[in-house]
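Here are some exercises to work through with the sequence and the structure side by side. Try each task yourself before reading the solution.

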Amino acid sequence: MSSYLSLLKQYWGYDDFRGIQREIIESIGSGHDTLGLMPTGGGKSITFQVPALAKEGTCVVITPLIALMKDQVENLRRRGIRAAAIYSGLTREEIIITLENCIFGDIRFLYVSPERLSSDLFQTKLRHMKVSFITVDEAHCISQWGYDFRPSYLEIAKIRKMLPGVPVLALTATATPQVVDDIQDRLSFNEKRVFRMSFERKNLAYVVRRSEDKQKELIHILSSLRGSSIVYVRSRRRTKEIADLIQQAGITATFYHAGLDSVEKDKRQKAWQEDQVRVMVATNAFGMGIDKPDVRLVIHIDSPDSVEAYFQEAGRAGRDGQKAYAVLLYNDGDQRKLEKRITDNFPEKDFIREIYEHLAYFYQIGVGSGFGYTFEFNIDKFCHAFHHFPIQVDAALKILTRAGYIEYTEEQDNQARVMFTISRNELYRLENTTPNEEKVITALLRNYGGLFTDYNYIDEAFIASQCGLQTHQLYMILKGLGQRHILHFIPQKKTPYIRYTQRREDKEQILLMPVVYEERKQQFRERIHAMTRYAASDDICRSRYLLRYFGEANDHDCHQCDVCLSHRSEGMVSEPALNEAMSKILELVSDGKPHPITELRDIQLPTAELDAALDYLLKEELIQQEDGSIFG
C-alpha cells in the first residue's frame, strides 16, 4: 500500500485514499476480479489509475463516454502520464499508431468504447499487448436487468477469453442487488468480490413538488434558490423551450442535447461550467463525465424511466459536500405518461416483426440475403415511407438488436471530411481567393497529409482556431470552396446505422424469446412502478426509499427531504403555533439582510416551534439559507 500512497501523492497530491478506494485498489492490485459500487463523485478514476501505474503494461479502460475519454486522457497527460483514446472520427492510421504504441509499452492507459471491442483490427493488436488489467466503467450497462443495457458491453466477456489471467475491475454508480450479481456473471468473475460505498448523500435534500403548473413552479424555485443548476427535460425540443422560458424570467440559461454538434456542445458546456450561464436545460445526454462540484440544484420537469436514472442525475448536485437540492416536479399526468412508456418501449411483437419486414423493403433485401450489410438509417424517412411513429420504431429496432437479427447503432458522430479536387499545382495557381480562404487552405495542407488522393477527417474547431475564425465561418468557407470545385467537403453529421447480423428471415420466422421481450418488459414495468411509488409516496423518507431500492439498509431518516420536513412539522407543532413562529421569522428577515441562525434564539418561542417553522419556510422557499445565515 505504501507504493500506492506514494503514487497518489506524486500524481494527485493527496495524502490518503477516501471511502472504499483503498480496498478496491488493493483487490485489483492483487489480481482479483473486482466490482466497485461508488456513488457519483466518489472518486472512481483513482481506483484504477493508481494501481495501473503500479503495474507494468497498459490498462484498457472501457467506457461509452467519448467526452469522459477525452477529459481523462487530457488530465492524465497533464500529470505526465502517457494515455490515449480510440473513438469515432480517428483515421485508421491514427488508430493503428495508437494501438502499436500500446504494444511497444508507450501507453499506460488506453480508453476505448465498447463498440470498438468487436473490431478485427483492435482484437488483432490486443493479442500482442501486455495488459495490466481491464477497467469497465458504467458496468451496469452489461446487465440485461440494468436500466441502461447496451449489447456492445457483452463483447467484454469475449475479450477476457483473449487475455487469460488478466483481471477486470468493474465500476458503477447505480446497481440494484440483482444487477450486482448479473454484472459479475456477465464479466465471468472468478469469484464474487464486491466493495460498496454508501450511496447516502447527507448534504443532498430530495424533494418531490406536486404542481399542475410546472413551468411556474420551476421559475419560482430557480428564483428562490441561488447557484448553478441543471434542469432535466424529456425531449430535445423542450430543452430550447424551457431555456427560453428561464431566460425570459431574467435568469441566464442555455440548453444541451445529443443532436447538437460537438463544437456547440463544448461551447455551451464551457459557458455553464465557467458560470457564464447559471442554468443548463438538458436531456439525459448531459451530465455523464461532467465534473462541476458546485451544482446547487437539479430539477426534473419530466420524470425519468427509473429510480437508477433519477438517482444518477439528481446526484450531480452538491458534489462539493455543500447543501444542495434535487427536486422532482410531479403531477397526476406524470403517472399516465410513465405508464405509456411501457407500451412505447415494448410495442406488440407483430409490430416488431412488421418493422423488420419494412426495413427489408426499405433497403430492398431479399429473404436469405443481407448478412453483414451496413446502411445509414434515416428514421424520419423510414417512418414517412411506412406510416410509423419514431418512438415505436426506435424501440422495435432495439428489441431486434437484442434478439440478434440486426445491429442498430444510434447517431454515430462522424467528423467532417475534406479532399482537394484539383492538383497541388492548380491550387498554387488559384486566383481570386480571399485572405480567409487562403488561411484555411494553408491550415489544411499544414495539418493533414494525402488530401489530394483521399478524404481526410478534419477537426473543424482546431482548424478554425488556427485561422482565427468561428466554427460557423469555417463551415461557410469550406462550403464555398466546395461550390467552386476546389475541394470536396463532407460536413460533420450524426448518422444512425443498421447492420444485418444475420441473413434476412421471413417475418413469420422472427423469434422474440422471453429473455428478449417478456422478461425485459416486466423488468421495465417494475422500474417504472418504482419511480411512480417514489414520486407519489408521502410516508417514507426520500433518502431511505432510494437507499433501500439499491439494497442499502438505513435505519435513520434524512430530516431534510419534503417528507421528513412535513412529518416533523405535522407531528410536533400545532398550526397556530407554527403560524406564529413563521410570522416572527419572516419579520426578522423582512429587512432583506442576512441574519445568523443563532438570532432565532432571541425570539421568545419554544425551540421546537421555531425549528418546525424554519424547516417549513425553507422547504417552501419563502426564505433562504446560506453559510449559516437566513434571509428573505
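**Exercise 1.** In what sense do β20 and strand β22 (residues 629-631) pair, and over how many bridges? Then place the two strands in their sheet.

*Solution.* Remember throughout that this is a predicted model.
- Step 1: β20 and β22 are paired in the antiparallel sense, over 2 bridges.
- Step 2: For a concrete pair of residues, take H595, whose bridge partner in β22 is I630.
- Step 3: Now widen the view: the open sheet has 3 strands, ordered β20-β22-β21, with antiparallel pairing.
- Step 4: β20 (595-596) and β21 (624-626) stand at the edges with a single partner strand each, so each has one side without a neighbour in the sheet.

**Exercise 2.** Find the strands that pair with β4, and decide whether the side chains of β4 (residues 109-112) are buried or exposed on its two faces.

*Solution.*
- Step 1: Strand β2 (residues 58-62) pairs with β4 in the parallel sense, over 4 bridges. Within this pairing, V61 has Y111 of β4 as its bridge partner.
- Step 2: Strand β3 (residues 83-86) also runs parallel to β4 and is joined to β4 by 4 bridges. Here A83 has F109 as its bridge partner in β4.
- Step 3: A useful rule is that side chains in a regular strand alternate between the two faces of the sheet.
- Step 4: In β4, F109 and Y111 are on one side, L110 and V112 are on the other, and all are buried. Both faces of β4 are therefore covered, given that buried means under 20% relative accessible area.

**Exercise 3.** Describe how helix α15 (residues 379-386) packs with helix α16 (residues 390-402).

*Solution.*
- Step 1: The angle between α15 and α16 is about 110°, and their axes are 10 Å apart.
- Step 2: Angles of 65 to 115 degrees count as roughly perpendicular, so α15 is roughly perpendicular to α16.
- Step 3: On the α15 side, the contact is made by I379, F382 and C383, and on the α16 side by P390, V393 and D394.
- Step 4: Sorted by class, these residues are 5 nonpolar, no polar and 1 charged.

**Exercise 4.** Repeat the analysis for helix α18 (residues 435-447) and helix α19 (residues 460-467).

*Solution.*
- Step 1: The axes of α18 and α19 come within 9 Å and cross at roughly 125°.
- Step 2: This makes α18 oblique to α19, and their crossing is right-handed.
- Step 3: α18 contributes K439, V440, A443, L444, R446 and N447 to the contact, while α19 contributes F462, I463, Q466 and C467.
- Step 4: By class, the contact has 6 nonpolar, 2 polar and 2 charged residues.

**Exercise 5.** Is S303 buried or exposed, and which residues is S303 in contact with beyond its neighbours within four places in sequence?

*Solution.*
- Step 1: Locate S303 in the loop between β12 (295-300) and α12 (307-314).
- Step 2: Its relative accessibility is 2%, so S303 counts as buried.
- Step 3: With neighbours within four places in sequence set aside, S303 is in contact with L328, L338, R341 and M531.

**Exercise 6.** Characterise E526 by its place, its accessibility and its separation from I342.

*Solution.*
- Step 1: E526 belongs to helix α21 (residues 518-536).
- Step 2: With a relative accessible area of 41%, E526 is partly exposed.
- Step 3: E526 and I342 are 184 residues apart along the chain, and their C-alpha atoms are separated by 10.0 Å.

Conventions: Residues numbered from 1 in each chain as written. Predicted model: local features only at pLDDT ≥ 70, side-chain atom pairs only at ≥ 80, totals over all residues. Heavy atoms only, no water. Axes fitted to C-alpha atoms, helices over the stretch in contact; angles between N-to-C directions. Parallel < 35°, antiparallel > 145°, perpendicular 65-115°, else oblique. Contact = heavy atoms within 4.5 Å. Nonpolar A, V, L, I, M, F, W, Y, C, P; charged D, E, K, R; others polar. Left-handed = near helix turned anticlockwise from the far one by under 90°. Buried < 20%, exposed > 50% of the residue type's maximum accessible area, 1.4 Å probe, protein only. Pairing = 2+ DSSP bridges.
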